[in-house]
Amino acid sequence: MRHPHTGTTRRRVVYALTALVLTTAAAAPAAAEAHEASASAASADGLALTPPMGFNNWNSTHCRADFDEAMVEGIADLFVAKGLKDAGYQYVNLDDCWALPKRDADGKLVPDPARFPHGIKAVADYVHAKGLKLGIYTSAGTKTCNSAGFPGALGHEYSDARQFADWGVDYLKYDNCNNQGVDAKQRYTTMRDALRATGRPIVYSICEWGENKPWQWAADVGHLWRTTGDISDSWSSMLSIVKQNLPLAPYAGPGHWNDPDMLEVGNGGMSDTEYRSHFSLWSVMAAPLLIGTDLRKASPAAFDILDNKDVIAVDQDPLGKQGTVVSSAGGRWVIAKEMKDGSRAVALFNESATAQRIATTADATGLPEAPAYTLRDLWQHRDYNTAGTIAATVPAHGTVLVRVAADTDWAGHPPAVDLGLDGSPLLEAGTPATLAGTVTDLGRTPARRVSVSLTGPDGWTVRPALATTADALPTGRSLRTSWRVTAPAGTPAGSYDLTLRASYRSPSGERVTGTLPLTAAVVQPPPSGTSYLSDLPWLSAVSGWGPAERDSSNGESGAGDGHPISVGGSAYAKGLGVHALSDISFYTGEACEKVTADVGLDDEKGTHGTVAFEIWADGKKAASTDVLTNAMPARPLTADVTGAQVVRLVVTDGGDGIDSDQADWADARLTC
Ligand code: GLA
């Protein structure tokens, strides 16, 4: 069941017409209200009053030999040197594999002398001397999760807790492997009591992966609890976790947090845009911020994300509310977090593979009525004013994170302007295409001397078909823009960058420039007749583990590591092999009629996995299955895609996380 740490698919992000997985977060359980009352016990110890911040080695090293004393102390050094300590990062945490497989003759845990030649106490002393804190890991079972069989604490709770306290440990992550079927609440409560008995303040992190719904019983057991299975360094994994963690908002608060797992920022499996979404979403969900990359090797871009103090302030707000979903449709998410000062942090998160305009209002996020608001963009670090609309065109997989306040300072800031493009840049080489858009003043004050431009790659022609300037745009008014764009004949199919820029002046004369990075796809017209989809180029492909494969199953790691496709005992020579969450799009140019496939979970995974299949024709779901399991034979699926520009094959995780969800589009064909 445990997955190897893998790299992920490189995606080509392209513009499809309207694309979109419809997603809805479950309504907040009402039971949580009552539960708030009993939630004070853990908070009473005064620990983790805001979500814990720090580092854990697991996501970057797993059990590798480079997890050692030098790493841990190096991270502590960097916390200080790079200003991360000042930004609030405090805990330096050791994960699995720090111990020897055998306890000593007295039943005590023994640190691995190859990794920690001076023992754990020496590391704790080092970390403490820097004004930081040390965390450690074990399992609420007979052994930890690693196959080397390191000792777990089940039956040794008081002795192990004592040993941790004696070493100077400040944080314990308590895992769930090899638990011998003992009741979870009992196992986790015993360790809570053992930690309390030491008299040392120790933050207690429950890691049973959400299996026993700890949000219902653990508020007075631990300070945080994992809500899902393990994160991996992929867009699909991160997204699937977001969808599981969002509905649990009512259960989070000071001293008792939902934990959607540690950060992957900087590990290389996602783009910087996706990592900014990851960090924005964790913050708006009041999640623990545990850096999961080896900072000794991290890029400046990773530091910039992890060190964003405007975003960290959202996570660390003392009111301690987890953000809730204001709206979610077509991959356009609005998530708002109430802040102690009355303002709202608002994430405009675009789940889809095409740029989309995402909009809400100050009122919808719970702000009081006011003539205007200050809107701070937390990635640009700039303040604007808005008359009430909170909107932006958000790049594929991106998040615009703002903080909006009904204050009196708004008039000192320039108006917010929304820069957008309608539809999607899909072009056939040599044929001009029209790209239209709008520039809209969202502010209470006018935007003056507005001027807009669109630029494309060298050799492309971009000609305005409408005016590109306006003297003044008052509140709510738009300048319509339109461009004729031609990619030279012979341009190879693929993705190309376009940039839309607007500049304007505030009433006080301040000059403001906004840019919207866009991606255009140069496409080939679909062949007529019936073709296997695995023989056609795709516009974009996302797969949860490993890349989407042609004519083989998905082997979960690198390209080409799958096997012949097999569903319900039947073998297929042709088809697409993916892993949930998956989304593959094909250009059909309004010229095709039908998609057919035999869909199901690949036999490779035995009895594991649950998924559902969907075929989308532009913005419309044209066919879907209910949740399928590995016990089922292949299910024939047919979709009428007449008139669609773009067809998408989507696999969801059936609502239970993406583990073991190897799915096949066997024999998938397109008729044009
Ligand atoms: C489990 C946990 C992970 C990590 C590993 C270590 O999978 O959920 O976060 O601690 O064990 O073996």
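These exercises work through the overall form and the cysteines of a predicted model.

**Exercise 1. Determine whether the radius of gyration of the chain agrees with that of a compact globule.**

Step 1. The chain has 672 residues, and a compact globule with that many would have a radius of gyration near 26 Å.
Step 2. The chain itself has 26 Å, which agrees.
Step 3. For the extent in each direction, take the principal axes: the C-alpha trace spans about 80 × 70 × 45 Å along them.

**Exercise 2. Describe the make-up of the chain: secondary structure, burial, contacts and surface.**

Step 1. The secondary structure comprises 12 helices and 39 strands.
Step 2. Of the 672 residues, 59% are buried.
Step 3. Consider contacts between residues at least 6 apart in sequence; 74% of these join residues at least 24 apart.
Step 4. The exposed area is about 24,400 Å², and 50% of it is supplied by carbon and sulfur atoms.

**Exercise 3. Find how far apart the mean positions of the positive and negative charges are.**

Step 1. The chain carries 57 positive and 77 negative charges.
Step 2. The mean positions of these two sets are 4 Å apart.

**Exercise 4. Count the disulfides and give their pairing order.**

Step 1. A disulfide is a covalent bond between the sulfur atoms of two cysteines.
Step 2. The cut-off used here is a sulfur pair within 2.5 Å.
Step 3. Cys 63 and Cys 97 meet it with S to S 1.9 Å, Cys 145 and Cys 177 with 2.0 Å, and Cys 592 and Cys 672 with 2.1 Å.
Step 4. The count is therefore 3 disulfides.
Step 5. With the bonded cysteines numbered in sequence order, the pairing reads 1-2, 3-4, 5-6.

**Exercise 5. Work out the handedness, location and burial of the disulfide between Cys 63 and Cys 97.**

Step 1. The torsion about the S-S bond of Cys 63 and Cys 97 is about -120°, so this disulfide is left-handed.
Step 2. Cys 63 sits in the loop between helix 3 (58-61) and helix 4 (69-81), while Cys 97 sits in the loop between strand 2 (91-93) and helix 6 (119-129); the two are 34 residues apart.
Step 3. Cys 63 has a relative accessible area of 21%, so Cys 63 is partly exposed.
Step 4. Cys 97, at 1%, is buried.

**Exercise 6. Do likewise for the disulfide between Cys 145 and Cys 177.**

Step 1. Its S-S torsion is about 95°, so the bond between Cys 145 and Cys 177 is right-handed.
Step 2. Cys 145 belongs to the loop between strand 3 (133-139) and helix 7 (157-167), and Cys 177 to the loop between strand 4 (171-175) and helix 8 (184-198), 32 residues apart.
Step 3. Both Cys 145 and Cys 177 are buried.

**Exercise 7. State which parts of the chain the disulfide between Cys 592 and Cys 672 ties together.**

Step 1. A torsion of about 80° about the S-S bond of Cys 592 and Cys 672 makes the disulfide right-handed.
Step 2. Cys 592 lies in the loop between strand 32 (582-587) and strand 33 (594-601), and Cys 672 in the segment after strand 39 (662-671), so the pair ties together parts 80 residues apart in sequence.
Step 3. Cys 592 and Cys 672 are both buried.

**Exercise 8. Explain why Cys 207 is not counted in a disulfide, and find whether Cys 207 is buried or exposed.**

Step 1. The nearest cysteine sulfur to that of Cys 207 is the sulfur of Cys 145, 6.9 Å away.
Step 2. A disulfide needs sulfur atoms within 2.5 Å, so Cys 207 is in no disulfide.
Step 3. The relative accessible area of Cys 207 is 2%, so Cys 207 is buried.

Conventions: Residues are numbered from 1 along each chain as its sequence is written. This is a predicted model: local features need pLDDT of at least 70, side-chain atom pairs count only at pLDDT 80 or more; totals for chains, interfaces and linings use all residues. Side-chain values use heavy atoms; hydrogens and water are left out. Helices (H or I, at least four residues) and strands (E, at least two) are DSSP runs, numbered from the N terminus. The radius of gyration is taken over C-alpha atoms; the globule rule is 2.2 Å times the number of residues to the power 0.38. Buried means under 20% relative accessible area, exposed over 50%, partly exposed in between (1.4 Å probe, protein chains only). Contact means heavy atoms within 4.5 Å. Accessible areas come from the Shrake-Rupley method with a 1.4 Å probe; for residues, only the protein chains shown count as cover. Lys and Arg count as positive and Asp and Glu as negative; His and the chain ends are not counted. The place of a charge is taken as NZ of Lys, CZ of Arg, CG of Asp or CD of Glu.
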